[in-house]
Amino acid sequence: MTDITRDACLALDQADTLRHLRDLFELPSGAKPTIYLDGNSLGALPKATAAAVATVVRQEWGQDLIQSWNKAGWFKLPQQLGNQLAPLVGAGPGELVVTDTTSVNLYKVLCAAAELARQQQPSKRVLLSEASNFPTDLYIAQSVCKQYDLRLELADAQDMVGALTSDVAVLMLTHVNYRTGAMYDMTALTQAAHAVGALTVWDLAHSAGAVPVDLRAANADYAVGCGYKYLNGGPGAPAFVWANPRVVSATHQPLSGWWGHAQPFAFDAAYVPQVGIDQYLCGTQSMLAMAAMRCGLDVYEQAKAVGGMAAIRAKSLALTDLFMALCEARCTTFGLHNVTPIEHAKRGSQVSLAASTGGYAMMQALIARGVVGDFRAGAATGEADLLRFGFTPLYTRFVDVWDAVEHMVHMLQGQEWLRPEFNQAQAVT
Ligand SMILES: Cc1ncc(COP(=O)(O)O)c(C=O)c1O
């Protein structure tokens, strides 16, 4: 793999059956080309989005006003988009809604799971998660633990099965780790959790649209995920929530707003939850955001004709394999080391390089060259500083991988990252 040339990468792009999907995106087109490797943080803009949002603004809101809740189908968009997204994560029709944020949805499902555990096995006291889980997941879990008198225990990924003791009520994991891109075996862990009587909550923020997920086949209990990463729904896009039909109506989520009521327009004083996943709705959603989210999901409709998630996964693995091999051959001498699993079954769609020093400045220097990834500090948790690179097969090309590594090597050789302007911290890294 390491004797691969730039021309060979161009040939791979020529042979790529997904290559035309890149044309559906509005990628930066300035004088200096941008290589965007941060779709795991904020997905690129689909070309259709601006016009779709403009239609909502000018026609549906501007002209049709309040009638659009019916006429434009606004009221049913959480369910409609949920049905569009469901096949990407192995959910059935009517099982998933697009709504709120990942953090808020996580709160809903964790409470529902904790309540179910309390009803069925009141002696269990532990909510188990991973030490290196995304902070919002841990923060929400801390709040739910207080509310349900549970104890949050954190284990390392490799010790997770061992940490599943009989005291575990709920196992909450992020399927693909935001730092390393390491992916859990969802089926095996769900099985192990069920074997000790624990319920599972999966965060699919770094999986949905990036790797094939089959919630039903894994027999998972609850899942949430993000709309603005690989699904390209736009900054702050609505997230999604799923509950297995086996448990969805067994308990109620705590945010009992009127959109989750069985008859919202009866304006009843008493809350009566909808049956099924609709009870996971809370209040009025942003229709501008929903319109943008639909454009992100529409791209996946077009991907179906060329192999869908299986083809996306195959290309993702080929892109990350290539990046890893080139970095191994050319960047390790500069102190950058891959921390993402080599094994395909254990990898999402990103690669992270640990930097012993200067990681933040290195990423800033790379961005100045037009290669956009991001940086995640590790000091607070005693972990390594990471340079993260996300690969979105819908618009990332093999030649982008080649060129990104070429830039990285030049940036490192020239010690560009030592320049003062790259060493000034900004609010968002
Ligand atoms: C695993 C994971 N969960 C949740 C979130 C964020 O959730 P929210 O959209 O509520 O900010 C992120 C954001 O990067 C994430 O990586």
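**Exercise 1. Check whether the length of helix α13 in this predicted model fits its residue count.**

Start with the count: α13 covers residues 398-413, which is 16 residues. Next, work out what to expect. The expected span is 1.5 Å times one less than the number of residues, so these 16 residues should span 22 Å. Now look at the model: the end C-alpha atoms of α13 sit 23 Å apart, which agrees.

**Exercise 2. Work out how covered α13 is, and look at what comes just after the helix.**

Buried here means under 20% relative accessible area. By that cut-off, twelve of the 16 residues of α13 are buried, making it mostly covered. Go through them in order: Phe398, Val399, Asp400, Val401, Trp402, Asp403, Ala404 and Val405 come as a run, then Met408, Val409, Met411 and Leu412. Just past the helix, Gln415 has a positive phi of about 50°.

**Exercise 3. Decide whether helix α12 is enclosed or not, and find its packing partners.**

Helix α12 takes in residues 359-368, ten in total, and eight of them are buried, so the rest of the structure largely encloses it. Those eight are Gly359, Tyr360, Ala361, Met362, Met363, Gln364, Ala365 and Leu366. What do the buried residues of α12 pack against? Their partners are the strands β11 (336-338), β12 (350-355), β13 (371-372), β14 (374-376) and β15 (385-390), along with helix α13. After α12 comes Gly370, with a positive phi near 95°.

**Exercise 4. Find where the largest nonpolar core lies relative to the domains.**

This core has 97 residues, and Val89, Leu110, Tyr222 and Tyr280 touch the most other members. Helix α5 (residues 102-120) is the top contributor, giving ten residues. Now check the domains: domain 1 (6-47 + 308-423) and domain 2 (73-301) each supply residues, so the core lies between them. For a closer look, take Tyr222: leaving out residues up to four places away in sequence, its contacts include Val109, Leu116, Trp202, Trp242 and Tyr280. Another core, of 38 residues, lies apart from the largest one; among its members are Met324, Leu326, Met362 and Val399.

**Exercise 5. List the residues closest to the ligand and pick out polar side-chain contacts.**

Altogether, 13 residues surround the ligand, and the closest are Ser103, Asp203, His206, Tyr228 and Lys229. Now go through the distances to ligand oxygen atoms. Ser103 places a polar side-chain atom 2.6 Å from one. For His206, the distance from a polar side-chain atom to a ligand oxygen is 2.7 Å. Tyr228 has a side-chain N or O atom 2.7 Å from a ligand oxygen.

Definitions and conventions
Residues are numbered from 1 along each chain as its sequence is written. This is a predicted model: local features need pLDDT of at least 70, side-chain atom pairs count only at pLDDT 80 or more; totals for chains, interfaces and linings use all residues. Side-chain values use heavy atoms; hydrogens and water are left out. A nonpolar core is a set of buried Ala, Val, Leu, Ile, Met, Phe, Trp, Tyr and Cys residues joined through side-chain atoms within 4.5 Å. Buried means under 20% relative accessible area, exposed over 50%, partly exposed in between (1.4 Å probe, protein chains only). Helices (H or I, at least four residues) and strands (E, at least two) are DSSP runs, numbered from the N terminus. Domain bounds come from an automatic or database domain assignment. Contact means heavy atoms within 4.5 Å. A residue is near a molecule or strand if one of its heavy atoms lies within 4 Å of it. A polar contact is a pair of N or O atoms within 3.5 Å; within protein, one must be able to donate a hydrogen and the other to accept it, and residues adjacent in sequence count only if both atoms are side-chain atoms.
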